[in-house]
Structure formats: C-alpha cells, structure tokens
Amino acid sequence: ASLKTFFHYLTTKTNWLEINPAQNLESPKLDKRVPKYLSLDDSKKLLNAVSNKDENARNKVRDYAIITLFLNCGMRLSELVNLNIKDISFEDEKLNVIGKGNKERTIYLNKACMDAIQAYLKVRPKERIKPSDMDALFLSERNERIRQRTVQYIVKRELRNAGLDTQKYSTHKLRHTAATLMYK
C-alpha cells in the first residue's frame, strides 16, 4: 500500500515518473478474525455464577445488573460506567447512552435488564454519596461513580467464578456476545 501510494505520488503529483510501476501490484488478502463471544450456555453460566452467590455477598445485586446490561445491551465499558439514573426511561423501558465520538444512542431494555436495574436501585446507597456522583447509576464501595477498572475486575472475577477463560473473555467480548446472540 505504501509503495502504491508513493509511486502514485511520483506519477501524478510531481510528474517525476511517467508510468506507475506499482499500478498493477496486488495487495495481500488478510484473513478476517471472527470475534470471540460467549455461547448462550456460557452466558447463562456467567449470570448464574453471580446470582447464585451467597445472599450476603457484597455488591451481588450491582454486579448482576452490570453483567446483565453487558450481555443484553451490547454496551461499551465507558457507556456503562457513565450511565446516570436520569438516562433511564422506566416507562418506555429504554436508556440513552453517550458512546464513541460523543454520539447519543438509545438502547431498548428487555425484562431481564429492567428487573436487574430496579433490583439494584432498591439496594443502591442513598447516603454519603459524593455530590458530583449523586446521579450515577452504578456506585463503588466508596459511594462514588464506579470506575472502568473496577468493572473490568468484576467481570473478570465473575468469569473466573463461572469457570470461563479470563484470558479469552473481557468486558468488550461481552459486547460481542450481546451482538451475536441478538443476531442469532
């Protein structure tokens, strides 16, 4: 590609060459990688790993809501972390997120997502929340907006608890999973 561009420049822009010797060069075909994703059974196994935790497990309801949103909505990590309560329309069962390139998009929520969010909101801390994070949907143990690294840790821990390969799967792979399962 760089040779083709270079010789194109020499023949058309500078006129140093009359004939482009790289004009008929063929570019090598690169194999397209298939994205990794969890199967439907693995997705259920992951959700069960979170929901079957001891009732007194810390942040069980929050973690379940996070995993549920990843698996059902195809959200990016940054979109999930930046979710605010006001972004959710409970009547219309949808939420608005600000994604890559500051683009706003609407995600329609299924019953599993709505149930998980509502269950979390019942146990979400209501006091001693950092003022700038009052509207954040997901809070850390320090009562401030949850950080991306914390969510990555939660997903990795739950993948491990479900017996899934943490080297193969990540938060972004859960995005692929959502898209693939919706397509299927």
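In this predicted model, Phe138 is buried, at 2% relative accessibility. Tyr120 is likewise buried, with a value of 3%. Both fall under the 20% cut-off, so both count as buried. The two residues form one of the 2 aromatic pairs in the structure. Their ring centres lie 5.3 Å apart and their planes meet at 35°, so the pair is tilted. The pair joins distant parts of the chain. Tyr120 belongs to helix H5 (residues 111-123), whereas Phe138 sits in the loop between H5 and H6. The two are 18 residues apart.

Phe138 also belongs to the largest nonpolar core, which has 41 residues. Phe138 is among the members that touch the most others, together with Leu46, Leu69, Met75, Leu109 and Val151. Six elements give two or more residues to this core: H2, H3, helix H4 (77-81), strand E2 (94-98), H5 and H6. H3 supplies the largest share, with 7 residues. In soluble globular proteins, nonpolar side chains tend to be buried together.

Leu46 ties helix H2 to this core. Beyond its neighbours within four places in sequence, Leu46 is in contact with Leu38, Ile67, Leu71, Glu158, Leu159, Ala162, Leu164 and Leu174. Helix H2 spans residues 40-51 and has 12 residues. Its first and last C-alpha atoms are 16 Å apart, close to the 16 Å expected at 1.5 Å a residue. Its buried residues are Asp42, Ser43, Leu46, Leu47, Ala49 and Val50. They cover an arc of only 155° around the axis, which puts them on the same side of H2. An α-helix has 3.6 residues a turn, so residues three or four places apart point the same way. The cover over the buried residues of H2 includes helix H3 (60-73), helix H6 (148-161) and helix H7 (171-183).

Two asparagines stand out in their backbone geometry. Most residues other than glycine have a negative phi. Asn15, although not a glycine, has a positive phi of about 60°. Asn143 also has a positive phi of about 60° and is not a glycine. Asn15 lies in the loop between helix H1 (2-13) and H2. Asn143 is placed in the loop between H5 and H6, the loop that also holds Phe138. Asn15 is exposed, with a relative accessible area of 59%. Asn143, by contrast, counts as buried at 10% relative accessibility.

Terms used: Residues are numbered from 1 along each chain as its sequence is written. This is a predicted model: local features need pLDDT of at least 70, side-chain atom pairs count only at pLDDT 80 or more; totals for chains, interfaces and linings use all residues. Side-chain values use heavy atoms; hydrogens and water are left out. Helices (H or I, at least four residues) and strands (E, at least two) are DSSP runs, numbered from the N terminus. The expected span of a helix is 1.5 Å times one less than its number of residues. Buried means under 20% relative accessible area, exposed over 50%, partly exposed in between (1.4 Å probe, protein chains only). The arc is that of the directions from the helix axis to the C-beta atoms. Contact means heavy atoms within 4.5 Å. Rings of Phe, Tyr and Trp (its six-membered ring) pair if their centres lie within 6.5 Å; planes under 30 degrees apart count as stacked, over 60 as edge-to-face and the rest as tilted. A nonpolar core is a set of buried Ala, Val, Leu, Ile, Met, Phe, Trp, Tyr and Cys residues joined through side-chain atoms within 4.5 Å.
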